[in-house]
Amino acid sequence: MNNSRDCRINVAKNACGFTLVEVLLAIAIFGIISGAIFAVFTRSIAVWETARIKANHKEKALFFLMSFEKELKNHIDTGNVQFIVEENKIYFTTLKDTIYNVLYVFDKASGQFYRYRSVYPIPPASVKPVVVLKNVVSCGFSCEYPLLAPGQDAQKNSSLPCMVTVKFSVDDVKTKNNYALSRVISIP
């Protein structure tokens, strides 16, 4: 009887604790699960950051379009400054708090969109340009002029367009961000 009582005590001692192998196995499983969770978390942070950067770039482009449209709609005809629209540049006079000559130019070599603005009558090319948009791949301006009524003299018709279209595409290789935007702006 004594012998069976000793066996029960030994079995009870073994059943109450963890062996070193069990503890190491639990730590290893916990480490693998923690590593997987950490990898998913860091990847999701990286994806979120990339999406935020892309959204900021597109927001800047949309802000540029809005400010360009506002300047164009505030265009005034001074009589001696022409409204010039070419494929990669546009030149006009606008009124904000004072009268400005404004020139927007797309430089294909640098991939940047520049804005020159000077107080009227100073030509805008004489001032330092401001970069309004970077990583631009292509840009184009076009305009539509009002139709002449039958018998209307082309000389008396204003040289101002009734609509200006701006189209550009941006491709930022660093952030893998590419998009194209366009806007048709009616000039009052």
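## A tour starting at S118

Select S118 first: beyond four places in sequence, S118 touches I99, Y100, N101, P123, P124 and V127. The model is predicted. S118 sits in strand β4. Is S118 buried or exposed? S118 is buried, because its relative accessible area is 3% and the cut-off for buried is under 20%.

**Along β4 to R115**

Stay in the strand. β4 covers residues 112-119, and R115 is part of it. Show the side chains of R115 and E71. They make a polar contact at 2.5 Å. Now expand the selection around R115. Leaving out residues up to four places away in sequence, R115 touches E71, V102, L103, Y104, P129, V130 and V132.

**Across to Y104**

Y104 is one of the residues R115 touches, so select Y104 next. Which residues does Y104 touch? With residues up to four places away in sequence again left out, the list is F64, F68, E71, N88, K89, I90, F92, F113, Y114, R115 and F141. E71 appears here as well, and it is the polar partner of R115.

**Into the core**

Y104 also leads to the largest nonpolar core. That core has 25 residues. Colour F68, L72, I90, Y104, F113 and F168: these have the most contacts inside it. Next, colour by element. Two or more core residues come from each of α2 (20-73), β2 (89-95), β3 (99-107), β6 (136-144), β7 (163-172) and β8 (177-186). Which element gives the most? It is α2, with five residues.

**Out to the surface**

Follow α2 to L20, which lies in this helix. L20 is exposed, because its relative accessible area is 64% and exposed means over 50%. Add F18, V23, L24 and I27 to the selection. Together with L20 they make a nonpolar surface patch of about 570 Å².

**Zoom out**

Show the whole chain as a cartoon. How many helices and strands are there? The protein has two helices and eight strands. In sequence order they run α-α-β-β-β-β-β-β-β-β. Switch to a surface view. The accessible surface is about 13,100 Å², and carbon and sulfur atoms hold 61% of it. Of the 188 residues, 25% count as buried; S118 is one with a relative accessible area of 3%. Finish with a contact map. Take contacts between residues at least 6 apart in sequence: 41% of them join residues at least 24 apart.

How values were computed: Residues numbered from 1 in each chain as written. Predicted model: local features only at pLDDT ≥ 70, side-chain atom pairs only at ≥ 80, totals over all residues. Heavy atoms only, no water. Core = buried A, V, L, I, M, F, W, Y, C linked by side-chain atoms within 4.5 Å. Buried < 20%, exposed > 50% of the residue type's maximum accessible area, 1.4 Å probe, protein only. Helix = DSSP H or I, 4+ residues; strand = E, 2+ residues; numbered from the N terminus. Contact = heavy atoms within 4.5 Å. Patch = residues over 30% accessible without salt bridge, like charges linked within 9 Å, V, L, I, M, F, W, Y side chains within 5 Å. Areas by Shrake-Rupley, 256 points an atom, 1.4 Å probe, with all protein chains shown as cover. Salt bridge = Lys/Arg side-chain N within 4 Å of Asp/Glu carboxyl O. Polar contact = N/O pair within 3.5 Å; in protein donor to acceptor, adjacent residues only side chain to side chain.
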